[in-house]
Amino acid sequence: MVILAFLTTLISLIITPIVIKYAKKLNATDKPNYRKVHKDPIPTLGGLAIFMSFLIGLVILQPVSEYHLAIVIGGFIMIILGFFDDLFDLSPKVKFLTQILAASLVVFWGGLQVEFINLPFGGQIEFGFLSSVITIIWIAGVTNAINFIDGLDGLAAGVSSIALMTIAVMAIIMGNVYVATMALILFFSTMGFLRYNFNPAKIFMGDTGALFLGFMISVLALLGFKNVTIISFIIPIFILGVPISDTLIAMVRRYINKQPLSSPDSSHLHHRLVKFGLTHKQTVLFIYALSAMFSLAAILFSMTTVWGSILIFTIAMLAVQALIENLELINSEYKPLTNLLKGMRQKP
């Protein structure tokens, strides 16, 4: 473990400055606009550093799984997609179809599918022919969720690192050596990159990194917790609580405001926190803490009873709802929980 941490982190620390140099030569920079907080162009393509460090880690440790080749090829497809998107700003349709291609590769060639879930009080839900569709939607959804939160220095890399470490810890507890190894290699590769990505960032991971990390996290989370009880099925959702909830909230917000679901806006969680007065670093650290809380909830899920899990889930959902209303993540009028509490206080 110590050797893995040292090697992959060191490789990432060495490779990232090289990527910065060549990103500048290619003019692969993230330009400021109304949705972004940085004021100067920042080199992108940082995902290449994470990917190269990850590949070297794979060569050293050589993890084995029947899904391994499909996962690595799928990740390579996402790197290529992100690379060209960072250079040429591809259309949402091209990006989405390529994500579906990579997910389908893992599902139909690799054979990774969520086929059923066991109910906590007995019985089982079989997905049947929908298992492939559900798995593909999960992979594409999480991939985009990580991409959506990549809006501040170090945000996506830090949140991804927290998710990866949580997946690794739970995989170790469950005895899943492959998932634990893959997650740890990716974790240390990302941590080395984060040294240059944290505020003030010298490089962004770009879609090259966000799409790759999102894809890998979605697959590893699925591989680590598939075909378990319905309560445990919520574990990967909790591990990725921040990007998933932010994405779902954005979809609701755009639907209510009659905007296309793929339309970008400046009302994501990190945007709202900055608008409400937090500094850049404070916002990132706040979301790190929120991600860590979701991860802790996921670990507690795996250790408690069904009723304990339901209690944790209820508390978490109330906390998310309070955050939505106080930060006005949907709009200033959407405050059902606040209005309910006001009504209860006004009753004699």
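**A walk through the predicted fold**

Ala183 sits in helix H7, and it makes a handy place to start looking around this predicted model. With a relative accessible area of 0%, Ala183 is buried. Setting aside neighbours within four places in sequence, its contacts are Leu164, Ile167, Ala168 and Leu220. For a sense of scale, Thr305 is 122 residues from Ala183 in sequence, and their C-alpha atoms lie 27 Å apart in space.

Stepping back to the whole chain, the secondary structure adds up to 15 helices and four strands. The C-alpha trace spans about 70 × 50 × 40 Å along its principal axes. How does the radius of gyration fit with a compact globule? For 348 residues such a globule would come out near 20 Å, and the protein has 20 Å, so the two agree. Contacts tell a story of their own: among those between residues at least 6 apart in sequence, 72% link residues at least 24 apart.

As for inside and outside, 54% of the 348 residues count as buried. The protein exposes about 16,300 Å², and carbon and sulfur atoms supply 70% of that area. On the charge side, there are 22 positive and 16 negative charges, and the mean positions of these two groups are 7 Å apart.

Now for the interior. In soluble globular proteins, nonpolar side chains tend to be buried together. Here the largest nonpolar core has 98 residues, and Ile239 and Leu240 are the ones that touch the most other members. Leaving out residues up to four places away in sequence, Leu240 touches Trp138, Val142, Ile146, Ala163 and Ile217.

The loops bring a few backbone details worth a look. One of them runs between helix H7 (177-197) and helix H8 (206-225), and Pro200 is found there. The peptide bond joining Asn199 to Pro200 is cis, with omega at about -5°. That loop follows on from helix H7, the element that holds Ala183.

Two other loop residues have a positive phi without being glycine. Gln62 has a phi of about 50° and is placed in the loop between helix H2 (47-61) and helix H3 (68-88). Glu328, with phi near 55°, lies in the loop between helix H14 (306-327) and helix H15 (336-346). Are these residues buried or exposed? Gln62 is exposed, because its relative accessible area is 56% and the exposed class begins over 50%. Glu328 comes in at 26% relative accessibility and so counts as partly exposed.

A last stop is Leu261, in the loop between helix H11 (241-256) and helix H12 (269-275). Its relative accessible area of 45% makes Leu261 partly exposed. Which residues does Leu261 contact, beyond its neighbours within four places in sequence? They are Met251, Arg254 and Tyr255, and these numbers fall within the range of helix H11. Ala250 is 11 residues from Leu261 along the chain, with 8.0 Å between the two C-alpha atoms.

Key:
Residues are numbered from 1 along each chain as its sequence is written. This is a predicted model: local features need pLDDT of at least 70, side-chain atom pairs count only at pLDDT 80 or more; totals for chains, interfaces and linings use all residues. Side-chain values use heavy atoms; hydrogens and water are left out. The radius of gyration is taken over C-alpha atoms; the globule rule is 2.2 Å times the number of residues to the power 0.38. Buried means under 20% relative accessible area, exposed over 50%, partly exposed in between (1.4 Å probe, protein chains only). Contact means heavy atoms within 4.5 Å. Accessible areas come from the Shrake-Rupley method with a 1.4 Å probe; for residues, only the protein chains shown count as cover. Lys and Arg count as positive and Asp and Glu as negative; His and the chain ends are not counted. The place of a charge is taken as NZ of Lys, CZ of Arg, CG of Asp or CD of Glu. A nonpolar core is a set of buried Ala, Val, Leu, Ile, Met, Phe, Trp, Tyr and Cys residues joined through side-chain atoms within 4.5 Å.
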